[in-house]
Amino acid sequence: MRRSDQYAPRNQRLSLRLRAAPLPEPVYRDFVDMLFGMRLPVFGLGLVFVAVATLFAIEWRDPIITALAVAAATVTALRLWTMHAYGRARAAASIAQLKCWELRYAIGCYAFALLLAGLNVRALTYHQPLLHLITVSLVFSFGAGIVSRISVRPAICVASMLLATVPTIVALAVHAFTQHEAPFHAQLFAIQALLLTMITVLSLQTVGYLYRSAVQHHTTEHDMAHLAKRDALTGLANRLLLRERFQDAMAKALHKNGRLAIHYIDLDGFKAINDRHGHPAGDILLQQVSERLKAAVRAEDTVARLGGDEFVVLQIDVAQDSEAELLARRIIKKLSAPYEIDATSMRISASVGIAMMPDAGRDLERLLSRADTALYRSKTSGKGRAHFCTREGAVVEHRAVA
């Protein structure tokens, strides 16, 4: 970093980071949703455009304004249809598909902006001040609407505004130099062109501010939501996220007559490492354990840390008990391999207790309690073992100290 960058104002440095860094996926999804969430403004402005253009086309029998009215009605209908289609596809859309939807929105917005500009350019070939007032007001309304609604996608917002305003400004300036006997004709139209130019420039600055604020707000919001459901040390799911994943998995399993497995895992020998090497080494060990657990399970399974050296794996789509037992054996094998921390080799083992849903219950706390009971049996029978909890297993909570 250059010395001058070190002393740049905080807001400027934040602005540079926001422009340089790609948007987090959840934030990008939120922003695309915002584009497609404003059907009423799109419909309302399109309706006013068509009504105004139709009225003046009938009055002056102007084929160009008639064509603009038909085109505006078509573009508005297509935009509304696209918004409806997005609503049905958004949940399963990938990032690549979201970019395609964003492009479709941009094309519709650009087309409407060009039609607005075309209406103003054509209207300014007449000397009808009331017509000019209405058509230029449509540009103001369009600009205010896109700044407030779609500044989260600044490229679309800026391009749409310029497409609508620049031809209108040029047409106002040209009209100012047309000969007319009305007093202050040239001056008033020149002032109107200047006014629209100033508002456009100010609006472009506002877009940048609103975008930076939206990115900061949504990123912070998603970060807070992520932290609330994640273990701070390992990044694994905490009890809150585990409960959410369990509820979703259980609903799907019951619908398909399927089963789930809860693996309650406790590290054998972890307390001795903490006592001998200190808590920093213990924290590194827990982080390595979490990585091994994530590598041992499928992407659709969930690994959670409940605290200390206690972990839980939620295994979904379990057809037979042997599948749960196989995973438990794999976990024990992976966690029992040597660890290298600060050039020191360390070894622990793991004990696992397994409770099956719905055999051992349908409530997460009951399943955790019964898996803990099975874990207690594993630890008392020699450690480094896995046991299932039977229906008759006690639900009294046991805690074995390693």
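Where is Pro358? Select Pro358 and you land in the loop between S6 and helix H14 (364-380). Now look at the bond leading into this residue: the peptide bond from Met357 to Pro358 is cis, with omega near 15°. Most peptide bonds are trans, and most residues other than glycine have a negative phi. Keep that second part in mind for a later stop.

**Before going further: how far to trust the picture**

You're looking at a predicted model. Colour it by pLDDT if your viewer can. The protein's mean pLDDT is 86, and 91% of its residues reach 70 or more. Next, select residues 1-20: here the pLDDT is below 50, and the stretch has eight contacts in the model beyond near neighbours in sequence. Then try residues 394-402, where the pLDDT is also below 50; this stretch has 21 contacts beyond near neighbours in sequence. Where pLDDT is low, the predicted coordinates should not be read in detail.

**Stop one: a salt bridge next door to Pro358**

Step along to Asp359 and show its side chain. Asp359 forms a salt bridge with Arg259, and the closest N and O atoms are 2.5 Å apart. Asp359 sits in the loop between S6 and H14, while Arg259 is in the loop between helix H10 (239-255) and S1, so this pair ties together parts that are 100 residues apart in sequence. Is Arg259 buried or exposed? Arg259 counts as buried, at 17% relative accessibility, and Asp359 counts as partly exposed, at 30%.

**Stop two: more charged pairs**

Select Lys379 and Asp268. Their side chains meet in a salt bridge, 2.5 Å from N to O. Lys379 is in helix H14 and Asp268 in strand S1, so here the parts tied together are 111 residues apart in sequence. Lys379 counts as buried at 7% relative accessibility, and Asp268 counts as buried at 5%.

Now pick Asp301 and Arg298. This salt bridge has its closest N and O atoms 2.9 Å apart. Asp301 counts as buried at 7% relative accessibility, whereas Arg298 is partly exposed at 31%. For a little cluster, select Arg239, Arg243 and Glu365: salt bridges that share partners join them into one network. How many salt bridges does a search of the whole structure find? It finds 18.

**Stop three: helix H13**

Select residues 321-335, which make up helix H13. Put a distance between its end C-alpha atoms: they are 21 Å apart, which agrees with the 21 Å that 15 residues should span at 1.5 Å a residue.

Which residues of H13 are buried? They are Ala324, Leu327, Ala328, Ile331, Ile332 and Leu335. Look down the axis and you'll see that they cover an arc of only 140°, which puts them on the same side of H13. An α-helix has 3.6 residues a turn, so residues three or four places apart point the same way. On the face turned away from that buried side, find the exposed residues Leu326 and Lys333.

What do the buried residues pack against? Show strand S1 (260-268), helix H12 (279-296), strand S3 (310-315), strand S4 (339-341), strand S6 (349-357) and strand S7 (386-388), and you have the set.

Zoom in on Ile332. This residue is buried, with a relative accessible area of 9%. Leaving out residues up to four places away in sequence, Ile332 touches Ala350, Val352, Gly384, Arg385 and Ala386. For a distance to try, go from the C-alpha of Ile332 to that of Ser290: they're separated by 13 Å, and the two residues are 42 places apart along the chain.

**Stop four: two positive phi angles**

Remember the note about phi? Select Asp317, in the loop between S3 and H13. Asp317 has a positive phi of about 55° although it is not a glycine, and this residue is partly exposed, with a relative accessible area of 43%. Then jump to Arg61, in the loop between helix H4 (39-60) and helix H5 (63-89). The phi of Arg61 is near 50°, again a positive value in a residue other than glycine. Arg61 counts as exposed, at 74% relative accessibility.

**Last stop: Ser160**

Finish in helix H8 (residues 154-176), where you'll find Ser160. At 0% relative accessibility, Ser160 counts as buried. Which residues is Ser160 in contact with, leaving aside neighbours within four places in sequence? Show Cys109, Tyr110, Ala113, Phe142 and Ile146 to see them.

How values were computed: Residues numbered from 1 in each chain as written. Predicted model: local features only at pLDDT ≥ 70, side-chain atom pairs only at ≥ 80, totals over all residues. Heavy atoms only, no water. Helix = DSSP H or I, 4+ residues; strand = E, 2+ residues; numbered from the N terminus. Buried < 20%, exposed > 50% of the residue type's maximum accessible area, 1.4 Å probe, protein only. Contact = heavy atoms within 4.5 Å. pLDDT = per-residue confidence, 0-100. Expected span 1.5 Å × (residues − 1). Arc of directions from axis to C-beta. Salt bridge = Lys/Arg side-chain N within 4 Å of Asp/Glu carboxyl O.
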